[in-house]
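Me: I would like to go through this structure by asking, for each label attached to it, what justifies the label. Please set the value against the criterion each time.

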Amino acid sequence: MSSQNQEPQFIYDVYISSGLQFLHPFISGLYDALKGVGLHVLADRTEPKTNISDAIERCRVSIIVFTIAYAESTLYLQELVKIMECHRRKVQKVVPVFYCLDPSEVCNLSGHFGEILSRTLQGIPRDENRMLSYGTALRQAASILPRFLPDICNNRKVMSHIVGHVTSLIDSKKLFIAKHPVGVDSRVQDLIQLLNNQKADGVLIIAIWGMAGIGKTTIAKALYNQISHNFEVKKFVPDIQDREEDYLRRELLLFFRDQVKRKAHNFDSTRKLWWEGVRCLKVLLILDNVRSERELEVLPVTREGFGPGSIIIITTRTKHDRPHAIGVNHIYRVKEMDYNECVELFSWSAFNKATPERSFSGLINYAIEYSDGLPLALVCVGSAVSEKGIEEWENVLDSFKRFPFQDVWQVLKENIDSVGSEEKKIFLELAYLRHLFIGMNRNDISQILQEAGHYAATIAIKGLEEHSLVWFDEDKLCMNRLLQEIGREMYMKESSIEPQQRPYDVFLSFRGKETRSKFISHLYASLENAGIYVFKDENGLARGENLSISLLKAIGESKTYIIILSPNYAFSRWCLQELEDIMIFCKNKTQKVLPVFYHIDPSEVRNQTGKFGQAFDNLMRRYPDKIRGKEQSWRKALREVGCIAGLVIRKS
């Protein structure tokens with residue numbers, strides 16, 4: 001066969017032809033939304049060296065964004081003529097979008113659009129054929145249905161509709177995954193193994209679950225590419241949470257009805273109950289970014305609705321206690337990237353190669369540690385430092401530590417905002433007091449929160465787990481580092497707390513039984529009389545079973561800590577936990593510590609000897625279950641505070 005008669009190979013899924021600049025929010029937003037569902041997109045200036053005329057030839061779909069500016073330039077008009085030639089000759093799909101413009105003005109070459117077009121054509125050499133081709137191309141393109149009419153108020157909604165329509169037009173064997181799909185293959189193989197282990201005679205529903213930015217959509221698209229050839233009907237539905245339910249339902253119904261007419265050959269598609277024909281088909285359906293079971297209930301998606309061997313895959317940030325109640329056979333939790341995967345992905349993003357530059361190793365480790373295995377963050381940071389020197393790297397990374405990039409911030413904030421008001425309140429408190437709560441036992445956290453007035457804390461924590469905001473490792477609380485930072489910033493903003501404006505000047509840490517009535521009462525009164533704002537626990541730590549939320553906040557929000565280390569201080573696990581938290585804060589922040597060695601020698605604290613050491617040993621023997629795993633961290637805190645120059649008060 002002659003090569004001239006062969007259709008050129010497609011290299012782009014979508015071309016955006018627009019009278020708007022690429023940096024315009026609608027164009028850049030549409031470009032990002034299309035890329036976000038795995039499409040290879042070309043828009044003006046996104047690939048400067050590309051020959052646009054050749055690129056149009058190799059596109060599956062062209063989106064034409066008509067504006068008044070479209071009529072002002074013959075370059076746009078020539079581009080439109082080329083697109084419509086491809087539309088006629090190669091059955092290239094065309095999607096007309098009218099941005100703040102009446103479609104009838106383009107169809108009829110009338111109104112303000114027609115006036116601008118006339119002036120544009122008057123300024124060029126008269127060529128009847130060319131002018132005729134411009135007019136014909138405008139009328140034909142503007143007559144294609146459906147039409148999309150975004151304006152300033154409904155950009156996001158119309159964008160999601162355009163993306164849904166474009167993905168339904170493209171009968172592509174492969175979805176674009178990612179520029180550098182590091183770590184994707186191993187996770188896809190995990191899923192394929194999971195599918196192979198399930199019964200093949202029914203319909204499988206698998207949920208891909210994980211926090212925002214972890215790569216759920218990327219993995220789902222890669223899985224689609226690997227297994228879609230085994231199915232008669234396949235469809236990837238992007239970003240369900242941004243789609244109107246009624247519109248999406250109609251879109252799916254029309255898609256499946258069309259598939260029945262085309263592929264269910266033994267079924268009479270003229271019957272009213274055409275839906276029964278879908279039960280004859282083996283279907284692969286991927287629903288991206290499902291928030292709740294209600295979204296599945298309103299869609300025409302059920303286990304009974306598809307033929308044997310069909311697979312439905314949903315990606316979600318939310319895991320439910322009763323997956324079988326909504327038909328899910330198995331939940332696959334997306335694993336965080338390991339260190340080697342992080343290095344490779346970051347290296348591709350920063351250096352465009354698989355292995356990093358050795359001279360940047362320290363900064364790379366810093367970026368990887370702070371990104372905490374989140375692919376979205378690694379790509380954002382890597383791209384931001386690409387082609388920059390070491391000094392510029394340091395500035396970028398310092399900036400990222402203070403405030404995560406907007407793309408990362410927005411995605412993770414949406415994850416936080418998706419939970420209920422009580423769950424969100426608890427999450428922000430956990431993030432703000434992360435130095436205290438991270439690593440704490442689940443039951444202890446619940447009890448502290450309940451005593452602080454969060455009476456449904458146990459249920460709320462379970463909800464945070466289901467929304468991928470926290471998890472527990474051996475019953476100890478864990479939280480992604482970026483979520484910690486963003487949650488802390490949100491808490492401070494909502495609580496009107498400024499980092500440099502701490503509500504307490506001094507936090508007093510003491511063992512109440514032996515110091516409260518004499519030394520502490522006099523010290524507290526003296527500080528208050530001097531105008532120093534002091535936090536002093538009035539209830540006594542030894543009598544409480546948990547540190548209260550107010551106490552934990554006071555630790556975090558104080559400028560200076562005065563620690564009264566008395567002989568029996570080390571017999572209180574809450575005093576020791578308080579001390580550990582204070583020392584952690586002092587390492588990472590600007591707070592100061594003043595130890596007061598009350599009737600003991602500093603060496604007894606440093607080495608846990610004498611009466612002080614005996615009290616510590618007695619505590620270890622008395623509460624072995626409650627303090628398991630804490631001994632070494634408490635000894636470390638005691639060594640550290642014992643080495644700080646302080647006041648020594650001898651017995652009088």
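Reply: Let us begin with pairing: two strands count as paired if DSSP finds at least two bridges between them. The model is a predicted one, and in it strand S7 (residues 283-287) and S8 are joined in the parallel sense over four bridges, so that the criterion of at least two bridges is met. Within this pair, Leu284 stands opposite Ile311 in S8.

Me: What makes strand S5 (residues 204-209) a partner of S8 as well?

Reply: The same kind of criterion applies, since at least two bridges are needed, and S5 and S8 pair over six bridges, again in the parallel sense. Trp209 stands opposite Thr316 in S8.

Me: Why is strand S8 described as largely enclosed by the rest of the structure?

Reply: A residue is buried when its relative accessible area is under 20%, and six of the six residues of S8 (residues 311-316) are buried, so the strand is largely enclosed by the rest of the structure. Both of its faces are covered, with Ile311, Ile313 and Thr315 buried on one side and Ile312, Ile314 and Thr316 buried on the other.

Me: How do you know that the contact between Asp13 and Arg60 is a salt bridge?

Reply: The term requires a side-chain nitrogen of Lys or Arg within 4 Å of a carboxyl oxygen of Asp or Glu, and the side chains of Asp13 and Arg60 meet at 3.2 Å, N to O, so the pair qualifies. Asp13 lies in strand S1 (residues 12-18) and Arg60 in strand S3 (residues 59-66), so the salt bridge ties together parts that are 47 residues apart in sequence.

Me: Why is Asp13 called buried, and why is Arg60 called partly exposed?

Reply: Asp13 has a relative accessibility of 7%, and because buried means under 20%, the label follows. Arg60 has a relative accessible area of 25%, and because partly exposed covers the range between 20% and 50%, Arg60 belongs there.

Me: What makes the pair Lys82 and Glu57 a salt bridge, and which parts does the pair tie together?

Reply: The closest N and O atoms of Lys82 and Glu57 are 2.6 Å apart, and the limit is 4 Å, so the pair qualifies. Lys82 lies in helix H3 (residues 74-90) and Glu57 in helix H2 (residues 52-57), so the pair ties together parts that are 25 residues apart in sequence. Both Lys82 and Glu57 are buried.

Me: How do Glu336 and Arg333 stand with respect to burial, buried or partly exposed?

Reply: Glu336 is partly exposed, with a relative accessible area of 28%, and Arg333, at 33%, counts as partly exposed too. These two residues form a salt bridge, their closest N and O atoms being 2.9 Å apart. Elsewhere, salt bridges that share partners join Lys413, Asp417, Lys424 and Glu494 into one network, and the structure holds 18 salt bridges.

Me: Why is H17 called roughly perpendicular to H21?

Reply: Helix H17 (residues 421-432) and helix H21 (residues 481-494) pack at an angle of about 110°, with their axes 7 Å apart. Angles of 65 to 115 degrees count as roughly perpendicular, which makes H17 roughly perpendicular to H21. Among the residues that meet, H17 contributes Lys424, Phe427 and Leu428, while H21 contributes residues including Leu483, Gly487 and Glu494.

Me: What makes strand S13 (534-535) and strand S16 (647-649) edge strands?

Reply: In the open sheet of five strands, whose order is S13-S12-S14-S15-S16 with parallel pairing, S13 and S16 each pair on one side only. Further in, strand S12 (residues 504-509) and strand S14 (residues 558-565) run parallel and are joined by five bridges, with Tyr561 in S14 as the bridge partner of Phe507. Helix H23 (residues 549-557) packs on this sheet, touching S12, S13 and S14, and its direction makes about 110° with that of S14.

Me: Which residues touch the most other members of the largest nonpolar core?

Reply: That core has 113 residues, and those touching the most other members are Val14, Ile16, Leu34, Ile63, Trp393, Phe427 and Phe437. Leaving aside neighbours within four places in sequence, Leu34 is in contact with Val14, Ile16, Leu39, Val41, Ile63, Val163 and Val166. A second, separate core of 33 residues includes Leu42, Leu77, Leu80 and Cys86.

Definitions and conventions:
Residues are numbered from 1 along each chain as its sequence is written. This is a predicted model: local features need pLDDT of at least 70, side-chain atom pairs count only at pLDDT 80 or more; totals for chains, interfaces and linings use all residues. Side-chain values use heavy atoms; hydrogens and water are left out. Helices (H or I, at least four residues) and strands (E, at least two) are DSSP runs, numbered from the N terminus. Buried means under 20% relative accessible area, exposed over 50%, partly exposed in between (1.4 Å probe, protein chains only). A nonpolar core is a set of buried Ala, Val, Leu, Ile, Met, Phe, Trp, Tyr and Cys residues joined through side-chain atoms within 4.5 Å. Contact means heavy atoms within 4.5 Å. Axes are lines fitted to C-alpha atoms, for helices over the stretch in contact, and angles run from 0 to 180 degrees between N-to-C directions. Angles under 35 degrees count as roughly parallel, over 145 as roughly antiparallel, 65 to 115 as roughly perpendicular and the rest as oblique.
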